[in-house]
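Here is a short note to read beside the model. Please follow the points in order, with the structure open.

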Amino acid sequence: MCPSGKGGTMAALLIYDAFQQGNAPAAIVCNRADPILFESTMAIDIPIFDGLAEDALALFKNGQLVSINVEDITI
């Protein structure tokens with residue numbers, strides 16, 4: 001979960017490094033992703049969701065179980 005992506009040249013490297021170490025997120029949900037965040041997640045096949053009808057951070061509460069597939073998020 002993140003409010004938005006803030007592209008920078010290190011974003012892709014950090015996500016890839018996390019992936020290599022087995023610490024990459026299963027998916028990313030944010031209010032508004034920037035192109036660098038999209039490209040980074042696409043390169044290592046991490047699902048990314050943005051532009052939800054509601055504030056992404058307000059949808060989820062700490063400790064909730066979330067199921068994500070390529071078309072849907074279930075809380």
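1. Begin with Thr-41, which is buried, its relative accessible area being 0%. The model is a predicted one, and the values here are computed from it. Buried means under 20% relative accessible area, so Thr-41 at 0% falls in that class. This threonine belongs to helix H2, which covers residues 35-43.

2. What is Thr-41 in contact with, leaving aside its neighbours within four places in sequence? The contacts are Ile-15, Ile-28, Ile-46 and Ile-48. Each of these four names also appears in the list of the largest nonpolar core.

3. That core has nine residues. Its members are Cys-2, Ile-15, Ile-28, Cys-30, Ala-33, Leu-37, Ile-44, Ile-46 and Ile-48. Keep the list at hand, as several of these names return in the points on the sheet.

4. Now the sheet. Three strands form it, in the order E1-E2-E3, and it is open with parallel pairing. Strand E1 (2-4) and strand E3 (48-49) are at the edges; each has a single partner strand, so one side of each has no neighbour in the sheet.

5. Where do the strands join? E1 and E2 run parallel and are joined by two bridges. Cys-2 is placed opposite Cys-30 in E2, and both cysteines are listed in the nonpolar core.

6. On the other side of the pairing, strand E2 (residues 28-32) meets E3, again in the parallel sense and over two bridges. Ile-28 has Ile-48 of E3 as its bridge partner. Val-29 is opposite Phe-49, also in E3. Ile-28 and Ile-48 are core members, and Thr-41 is in contact with both.

7. Cys-30 deserves a separate look. Apart from neighbours within four places in sequence, its contacts are Cys-2, Pro-3, Ser-4, Leu-37, Phe-49, Asp-50, Gly-51 and Ala-56. Among them, Cys-2 and Leu-37 are also listed in the core.

8. Turn next to the surface. Leu-14 is located in helix H1, residues 9-20. Is Leu-14 buried or exposed? Its relative accessibility is 55%, and it therefore counts as exposed. Together with Met-10 and Leu-13, Leu-14 makes a nonpolar surface patch of about 310 Å².

9. Asp-45 should be checked for its backbone. Its phi is positive, about 60°, although the residue is not a glycine. Asp-45 sits in the loop between H2 and E3. With a relative accessible area of 69%, this aspartate is exposed.

10. Ala-53 is in the loop between E3 and helix H3 (56-59). At 87% relative accessibility, Ala-53 is classed as exposed. How many residues separate Ala-53 and Thr-9 in sequence? The separation is 44 residues, and the C-alpha to C-alpha distance in space is 29 Å.

11. Leu-65 is in another loop, the one between H3 and strand E4 (67-68). Its relative accessibility of 76% makes it exposed. From Leu-65 to Ser-4 there are 61 residues in sequence and 22 Å in space, C-alpha to C-alpha. Ser-4 has already appeared, as one of the contacts of Cys-30.

12. To go over the main points again: Thr-41 is buried, whereas Leu-14, Asp-45, Ala-53 and Leu-65 are exposed. The three-stranded sheet has the order E1-E2-E3, and the largest nonpolar core holds nine residues.

How values were computed. Residues numbered from 1 in each chain as written. Predicted model: local features only at pLDDT ≥ 70, side-chain atom pairs only at ≥ 80, totals over all residues. Heavy atoms only, no water. Patch = residues over 30% accessible without salt bridge, like charges linked within 9 Å, V, L, I, M, F, W, Y side chains within 5 Å. Areas by Shrake-Rupley, 256 points an atom, 1.4 Å probe, with all protein chains shown as cover. Salt bridge = Lys/Arg side-chain N within 4 Å of Asp/Glu carboxyl O. Helix = DSSP H or I, 4+ residues; strand = E, 2+ residues; numbered from the N terminus. Buried < 20%, exposed > 50% of the residue type's maximum accessible area, 1.4 Å probe, protein only. Pairing = 2+ DSSP bridges. Core = buried A, V, L, I, M, F, W, Y, C linked by side-chain atoms within 4.5 Å. Contact = heavy atoms within 4.5 Å.
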